[in-house]
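Work through the exercises below with the sequence and the 3D structure at hand. Each task is followed by a solution in steps.

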Amino acid sequence: MSSVFEVLHIGIDDVDSPSGGCTTHAAYRLVKELLRNFRDLRLIDYPNLVRLNPAIPFKTRGNGAVSIRVAVRRELIDEVVELVVKSIRDYVRSYEYRPDEDYGVAVLIGDVPDILRSFYRKALTDFIHRDYLMRVLRPLKGRLATPLGIRRGLIGALAAIGWFLKCDCTYELISYRTDGLTPDRCIDAESVKQADMRFRNKTFLNFDYIEGRVLIAPHGPDPVLAGIRGEEPHVLAEVFNTIRFCEGVEGWMIFRTNQGTDAHLICRDLSSFRYLQTGCTKAVVDLKPRILPGGDVIFRVRDPLNHDQRNSVWVAVFKETGLTGVARELVKGDEAYVCGSMKYWNGLGPVLHLEKLILTKLTQIKVVRNPRCPRCGARMKSSGRNKGWKCVKCGFRTREAEKDIQYIKRELRRGTYIPKDSAVKHLTKPAVRYGRERDCIPIEPRGKWIS
Ligand code: ATP
């Protein structure tokens, strides 16, 4: 690249509010404005939609942040930053008037440093405190503009910039509707089903055949019409064009994302798995499952390497995940990786909300019974310590009989159990993506990627 060009990484987050709006929609409008106002500005990657820690309590929906990475003439940097701020402010104010307290914008000039990549990993899997944010900001002075100041949205904005990694990724074409206030979207379900059948090898989570439900549309009062998720960007516009929508479409844009990759399920020790963290931990079932009123299931697990009672946590399995049937069959001693987000329940303490269960070892269930009477077949009774057995039915006595040991056949199988398609959250890797993982790198958008 010519030396007169500079790379800018623009991060944005928390632009939405409960009364409407969406960070990706603001990003879509911003990209359009950037392309319109700066003729030789180029994107060096598809806009990134970066999902962060799903356990964060103040998220509105899916804890998503966006980064837009552009190459621009050096002398235009200030103008670009000005346009970014104006565009985001106008967007927020078009939904409701908010003083600028939450939404965050960050603009980094040049390479993405390791400190921001680590920041992304932490924002994905843990809670970011203000002091950690400040520690990350200090060394970036001079290269990082935070034109709206330091506020909560800056966490997501910086983390989105930090997702500049060689790792698994997917793409999503997100389309926006002209009226963003009603919860229902007008989409022809049959056309979604047809599109899924045709493009199922390259897309995922379009249609739930078990419940007969369209999965591409959200249900909130926000501007997203539909999201088509896939492995590669090129096919998504074609899929979109085969689906029939019966409401106004403002336009669409393709994002590169960390969705559907299980990126948040990092390996952790159970003893150091804290509240608001995400991950997978090796565990042994310690207390048999209990079914709660309503059908959710909880069971207790402990660290397999540490028998200390303090190293045990509860695992909650929600009915809508479709995993309660498996959870109910667990018995004390079963070994598994339990994966999900650690929340806090009054009265129970830390509770892992289960997103994935990898069952590695099934305990044999042993049932020991008194021997049968060789004469009449009834169960005998012990005559006392070292005094043999007596049949209560026919009176037969013997010292020769052995206790009857049986192993009950387990219905469960070792393996990986994940939520059913209708319950898959943004970051969770759905069943069809197993085996499709690969390393992605930033890639300049080509063909039709925005409309
Ligand atoms: P949408 O999906 O519509 O963009 P959202 O669910 O992403 O909405 P936000 O309104 O963006 O929700 O709120 C999430 C807030 O949490 C942001 O301010 C973001 O900076 C902050 N945040 C994200 N991850 C973390 C984290 N790991 N620790 C602390 N704060 C975080």
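A crossing of two helices is called left-handed if the near helix is turned anticlockwise from the far one by less than a right angle, and right-handed if it is turned clockwise. The model is predicted.

**Exercise 1**

Describe how helix H3 and helix H4 are arranged, and state which residues make their contact.

Solution.
1. Locate the helices: H3 covers residues 114–125 and H4 covers residues 130–137.
2. Their axes come within 10 Å and cross at roughly 160 degrees.
3. Angles over 145 degrees count as roughly antiparallel, and H3 and H4 are therefore roughly antiparallel to each other.
4. In the sense given above, H3 passes H4 in a left-handed crossing.
5. From H3, the contact uses Ile 115, Leu 116, Ser 118, Phe 119 and Lys 122; from H4, Tyr 132, Leu 133, Arg 135 and Val 136 take part.
6. Sorted by class, this contact has 6 nonpolar, 1 polar and 2 charged residues.

**Exercise 2**

Give the same kind of description for H1 and H2.

Solution.
1. Helix H2 spans residues 77–95, and helix H1 spans residues 23–37.
2. The two pack with their axes 10 Å apart, at an angle of about 140 degrees.
3. H1 and H2 are therefore oblique to each other.
4. The crossing of H1 and H2 is right-handed.
5. On the H1 side, the residues are His 25, Ala 26, Arg 29, Leu 30, Glu 33, Leu 34 and Asn 37; they meet Val 80, Leu 83, Val 84, Ser 87, Ile 88, Tyr 91 and Tyr 95 of H2.
6. The classes in the contact of H1 with H2 are 9 nonpolar, 3 polar and 2 charged residues.

**Exercise 3**

Which residue forms a salt bridge with Arg 29, and which parts does the pair tie together?

Solution.
1. Side chains of opposite charge can pair when their charged atoms come close.
2. The partner of Arg 29 is Glu 250, with the closest N and O atoms 2.9 Å apart.
3. Arg 29 lies in H1 and Glu 250 in strand S12 (residues 249–257), so the salt bridge ties together parts that are 221 residues apart in sequence.
4. The model's count comes to 29 salt bridges.

**Exercise 4**

Work out the strand order in the sheet that contains S20, S21 and S22, and find its edges.

Solution.
1. The 3 strands form an open sheet in the order S20-S21-S22, with antiparallel pairing.
2. The edges are S20 (380–382) and S22 (397–398); each has a single partner strand, so one side of each is left without a neighbour in the sheet.
3. S21 (residues 389–391) pairs with S22 in the antiparallel sense over 2 bridges.
4. Opposite Trp 389 stands Thr 398 in S22.

Conventions. Residues are numbered from 1 along each chain as its sequence is written. This is a predicted model: local features need pLDDT of at least 70, side-chain atom pairs count only at pLDDT 80 or more; totals for chains, interfaces and linings use all residues. Side-chain values use heavy atoms; hydrogens and water are left out. Axes are lines fitted to C-alpha atoms, for helices over the stretch in contact, and angles run from 0 to 180 degrees between N-to-C directions. Helices (H or I, at least four residues) and strands (E, at least two) are DSSP runs, numbered from the N terminus. Angles under 35 degrees count as roughly parallel, over 145 as roughly antiparallel, 65 to 115 as roughly perpendicular and the rest as oblique. Contact means heavy atoms within 4.5 Å. Ala, Val, Leu, Ile, Met, Phe, Trp, Tyr, Cys and Pro count as nonpolar, Asp, Glu, Lys and Arg as charged, and the others, Gly among them, as polar. Two strands pair if DSSP finds at least two bridges between them. A salt bridge is a side-chain nitrogen of Lys or Arg within 4 Å of a carboxyl oxygen of Asp or Glu.
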